[in-house]
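Good morning, and thank you for coming. I shall present one structure today and go through its local geometry, its helices and its internal spaces.

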Amino acid sequence: MTITRQSLLYESKVEYGGWTINHALGCSHGCKYPCYAMSLAKRTGRVKTYEQWCSPQPVENALDLLESELSRYRGRVESVHLSFTTDPFMWDADTQAPNAEMAQLTTAIIRRLNDAGIRVTVLTKGVYPEEFIDQVAGLHEDNQYGVSVVSLTEEFRRQWEPGSAPISARLDSLRRLSQAGTATWVSMEPYPTPNVDPSSADPTALLEAVGFVDKAVFGRWNYSKLVNSYDGVDFHYASVATTVSDWAAEHGIILHIKRGTPLSAEHEADILAIR
Ligand code: SF4
């Protein structure tokens, strides 16, 4: 199933937001933090159930809209983020492979933006497909590719991000993009507490696994009774934020810590800016 829209490009007001494209309604990853985008889609009546949210509907007129909006916004757009309310390289848990329809549409959008001299910042809990990595050298040299990962444990992923790509596959594809010479980043939020994921008490292994990136975002898990019920929640986030801050300094990684998380005032970086 697909949908049509009236517009595509918009300026997001979310933290570190900017010009953004969300070219599908829904996301097969079905995160249970819960997903802010799903809550919004439910509130506005665009989806009714979790199951419906997990059956993504790509925007079939996305490329036509992009064409006309590139003319309308000529000279105003320097970079575009993909995506805040869906996932551009969504994983298909049934086939254990990237969702081909989304990957094709995302690649076409990136190409068209790059052809117009506009760079992109991408974030996924899926995997960058082989064919995409193979052609990345021909895309804009200032594109930035990221993955979200808050835990290395598959048990955590199965419970909280049930439709997303296996964590090792996400990281492998990002490492390959880094090895191809592109800028890479990692989003480590919403970072859990030990009552949600025991491994979160010590982020060392996670930080070592993502130590090759150029930029990182770190943020606590907000608005969760379970997280807030953890005895020592404030100490936990202060301690992990300090470890993340030290790690970033040691590796020369540009770090943004999200508002509401300890050390956020010391780490306000423009993640979407050129590295
Ligand atoms: S990957 Fe992002 S958009 Fe998709 S379900 Fe998870 S939080 Fe929502």
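Let me begin at Ser83. Leaving aside residues up to four places away in sequence, Ser83 touches Ile21, Asn22, His23, Pro88 and Leu123. I should say at once that this is a predicted model, and that every value I quote is computed from it.

Where does Ser83 lie? It belongs to the loop between β5, residues 79-82, and β6, residues 91-92. Is Ser83 buried or exposed? Its relative accessible area is 5%, under the 20% cut-off, so Ser83 counts as buried. The C-alpha atom of Ser83 is separated by 6.3 Å from that of Thr20, although the two residues are 63 residues apart along the chain. The peptide bond that leads into Ser83 from Leu82 also deserves attention: it is cis, with omega near 0°.

That brings me to unusual backbone geometry. As a general rule, most residues other than glycine have a negative phi, and most peptide bonds are trans. Another cis peptide bond runs from Tyr33 to Pro34, with omega near 15°. Pro34 sits in the loop between β3 and α1.

As for phi, please look at Tyr223, which is not a glycine and yet has a positive value of about 55°. Tyr223 is in the loop between β11 and α9, the latter being residues 225-228. With a relative accessible area of 81%, Tyr223 is exposed. Leu263 is likewise a residue other than glycine with a positive phi, in this case near 70°. Leu263 is found in the segment after β12, which covers residues 254-257. Its relative accessible area is 26%, which makes Leu263 partly exposed.

I now turn to the helices, starting with α1. Which residues of α1 are buried? They are Ala37, Met38 and Ala41. Viewed down the axis of α1, these buried residues fall within an arc of 100°, so they line one face of the helix. The general background is that an α-helix has 3.6 residues a turn, so residues three or four places apart point the same way. The buried residues of α1 pack against β3 and against α2, residues 50-53. On the other side of α1, Tyr36 and Arg43 are exposed. Just after this helix comes Gly45, with a positive phi of about 75°.

The second helix I wish to show is α7, residues 167-179. It has 13 residues, and the distance from its first C-alpha to its last is 18 Å, close to the 18 Å expected at 1.5 Å a residue. Its buried residues are Ile167, Arg170, Leu171, Ser173, Leu174 and Leu177. Down the axis of α7 they fall within an arc of 160°, so these residues, too, line one face of their helix. What do the buried residues of α7 pack against? Their partners are α5 (130-135), β9 (144-148), α6 (154-160), β10 (183-191) and α8 (204-209). α7 is followed by Gly181, whose phi is positive, near 95°.

Finally, the empty spaces. How many cavities of 30 Å³ or more are there? The count comes to one, and the space in the largest cavity is about 50 Å³. The lining of that cavity consists of Arg5, Ala24, Leu25, Gly26, Ala37, Leu40, Ala41, Arg46, Trp53 and Thr85. Two or more lining residues are given by β3 (24-25) and by α1 (36-43). The largest share, three residues, comes from α1. By class, the lining of the cavity has six nonpolar, two polar and two charged residues.

The largest pocket has a volume of about 1400 Å³. Of the 46 residues that line this pocket, the closest to its centre are Tyr36, Ala37, Phe84, Glu189 and Lys258. The elements that give two or more residues to the pocket lining are α1, β8 (119-124), β10 and β11 (215-220). Which element gives the largest share of that lining? It is α1, with four residues. By class, the pocket lining has 19 nonpolar, 17 polar and 10 charged residues.

To close, I would draw your attention back to α1: it gives the largest share of the lining of the largest cavity, and the largest share of the lining of the largest pocket as well. Ala37, one of the buried residues of α1, is among the residues lining the cavity and among those closest to the centre of the pocket. Thank you.

Definitions and conventions: Residues numbered from 1 in each chain as written. Predicted model: local features only at pLDDT ≥ 70, side-chain atom pairs only at ≥ 80, totals over all residues. Heavy atoms only, no water. Expected span 1.5 Å × (residues − 1). Buried < 20%, exposed > 50% of the residue type's maximum accessible area, 1.4 Å probe, protein only. Arc of directions from axis to C-beta. Contact = heavy atoms within 4.5 Å. 1 Å grid on protein atoms, 1.4 Å probe; cavity = no way out; pocket = protein on both sides within 12 Å on 5 of 7 lines; lining within 4 Å. Points joined across faces, edges and corners; volume = space filled by probe spheres on them. Nonpolar A, V, L, I, M, F, W, Y, C, P; charged D, E, K, R; others polar.
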